Amino acid sequence: MTAPLLHAADLKVTLGPPGAGVAVIAGLDFSLEAGRTLGVVGESGCGKSMTALAIMGLLPRPHAVGGALRFNGTDVLTLPAEGHRRLRGAQMAMIFQEPMTALNPVVTVGRQIAEMLEVHRATPPDQAARQAVALLERVGIADAGRRATAFPHQLSGGMRQRVMIAMAIACKPALLIADEPTTALDVSVQAQILDLLLELQRDEGMAMVFISHNLGVVSEMADDILVMYSGRAVEYGPAQAVLRAPRHPYTAGLIATLPDIGRRQAVLPVIPGNVVNPRRRPAGCAFAGRCAQAGADCAAAVPMLTPVAAGHAAACLRVRPAA
Ligand SMILES: Nc1ncnc2c1ncn2[C@@H]1O[C@H](COP(=O)(O)OP(=O)(O)O)[C@@H](O)[C@H]1O
Ligand code: SF4
Ligand SMILES: [Mg+2]
């Protein structure tokens, strides 16, 4: 068996100065094969973005990390900053909820895409400029030659997101991380961007880490789903298995909040309570305060991720392990 493109083993991230840090990732394991999509889902504050930033080498400072996080065989947790800079753009790229955080407001979008190619691929400027226009076409921007000369603020939100995607794929990275890429967009534009990402991923053979708080969106995109709660995985498995036969009460709760087209619910149910603050994470199961099935035993120790079926695991004391 070949090694996966991306592999996390007991990944831990603590933000803040030594002695006063907060463990935002408290032991996380996952794998992603080349060309596949891992969907990461969980409510706001569960640690999804910190997981992405750990992969990209962009965690806020100061921080401390533990465990291992391998990309193409390299442990990116111990990689010097310069090495990580070389990986970013060339081999791994990320798109964010808000494209303006990634785009330079005073440089035309064509130039920004061309710069990626000049820096990472040593493409000559005139050739890079032509490729930038081709990339804008590739991400579905009409009249790309003219749009290339626009500044980010002259474009709509959806178009800016397309520009950010063009920048991210310019150097044909092996891994694309999409962190809530459609959360800030109108519903009609959201679907177009998701379709574009699916198409690019298929055509370019990229692996993708697709992050969203919306399980419905994740389920459209992912081969495997990692459900995070308070900095840990509570369920992990093939997308269809997780959706059709969720084993963790938190996953079941997320599924219950999905709009049911047949029923046309006016108000969606929400999981009562809030995500536990990582500073006040309880000793046992972090979901216990919101779980209808919680008992005294749930406070004793953190439930281990336990196999429940082929490739499918859940971290709840009530799950019956696979025989
Ligand atoms: N710079 C920081 N210092 C300390 N805690 C932070 C910092 N940034 C985020 N956090 C905390 O880390 C946790 C995980 O955040 P994040 O990964 O952004 O969650 P998500 O992307 O799932 O919404 C949250 O509890 C958040 O409040
Ligand atoms: S371990 Fe207990 S509290 Fe946690 S999800 Fe399972 S039943 Fe609920
Ligand atoms: Mg986030």
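Is strand E2 mostly covered, or are its residues mostly left open, and how many of its 11 residues are buried? Strand E2 is mostly covered, with 8 of its 11 residues buried. Here, buried means under 20% relative accessible area, exposed means over 50%, and partly exposed lies in between (1.4 Å probe, protein chains only).

The model on the screen is predicted: local features need pLDDT of at least 70, side-chain atom pairs count only at pLDDT 80 or more, and totals for chains, interfaces and linings use all residues. Residues are numbered from 1 along each chain as its sequence is written, chains are lettered from A and ligands numbered from 1 in the order in which they are written, and side-chain values use heavy atoms, with hydrogens and water left out.

**Stop 1: the sheet**

Select strands E1 (residues 6-15) and E2 (22-32). Helices (H or I, at least four residues) and strands (E, at least two) are DSSP runs, numbered from the N terminus. E1 and E2 pair in the antiparallel sense over 8 bridges; two strands pair if DSSP finds at least two bridges between them. Two positions are suitable for labelling: Thr14 has Ala23 of E2 as its bridge partner, and His7 stands opposite Ser31 in E2. Next, select the turn of the hairpin that E1 and E2 form, which has 6 residues between the strands. Gly16 in this turn has a positive phi of about 110 degrees.

Now add strand E4 (residues 63-71), which is joined to E1 by 8 bridges and runs antiparallel to E1. Leu6 has Phe71 of E4 as its bridge partner. Then add strand E5 (74-75), which pairs with E4 in the antiparallel sense over 2 bridges. In this pairing Arg70 stands opposite Asp75 in E5. With these selections made, the order E2-E1-E4-E5 can be followed: the 4 strands form an open sheet with antiparallel pairing. E2 and E5 are its edge strands, each pairing on one side only. While viewing the sheet, recall that in a regular strand the side chains alternate between the two faces of the sheet.

**Stop 2: ligand 1**

Select ligand 1 and the residues around it. Which of the 13 residues come nearest? They are Val24, Gly45, Lys48, Ser49 and Met50. A residue is near a molecule or strand if one of its heavy atoms lies within 4 Å of it. By class, this shell has 7 nonpolar, 4 polar and 2 charged residues. Ala, Val, Leu, Ile, Met, Phe, Trp, Tyr, Cys and Pro count as nonpolar, Asp, Glu, Lys and Arg as charged, and the others, Gly among them, as polar.

Strand E2 and helix H1 (48-56) each supply at least two residues of the shell, and H1 gives the most, with 3 residues.

Next, display distances from the oxygen atoms of the ligand. A polar backbone atom of Gly45 is 2.7 Å from an oxygen atom of ligand 1. For Lys48, a polar side-chain atom lies 2.8 Å from a ligand oxygen. For Met50, a backbone N or O atom lies 2.9 Å from a ligand oxygen. Taken alone, ligand 1 exposes 570 Å², and the protein buries 65% of that. Accessible areas come from the Shrake-Rupley method with a 1.4 Å probe; for residues, only the protein chains shown count as cover.

**Stop 3: Gln201**

Select Gln201, which lies in helix H7 (residues 187-204). Gln201 counts as buried because its relative accessible area is 10%. A polar contact of 2.8 Å joins the side chains of Gln201 and Thr37. Such a contact is a pair of N or O atoms within 3.5 Å; within protein, one must be able to donate a hydrogen and the other to accept it, and residues adjacent in sequence count only if both atoms are side-chain atoms. The side chain of Gln201 also reaches the backbone oxygen of Met206, at 3.1 Å.

**Stop 4: backbone geometry in the loops**

Most residues other than glycine have a negative phi, and most peptide bonds are trans. Select Pro62, in the loop between H1 and E4. The peptide bond from Arg61 to Pro62 is cis, with omega near -5 degrees.

Move to Asn72, in the loop between E4 and E5. Phi of Asn72 is positive, near 55 degrees, and Asn72 counts as partly exposed because its relative accessibility is 47%.

Finally, select Ala122, in the loop between helix H3 (109-121) and helix H4 (125-138). Phi of Ala122 is also positive, near 55 degrees. Ala122 counts as exposed because its relative accessibility is 63%.
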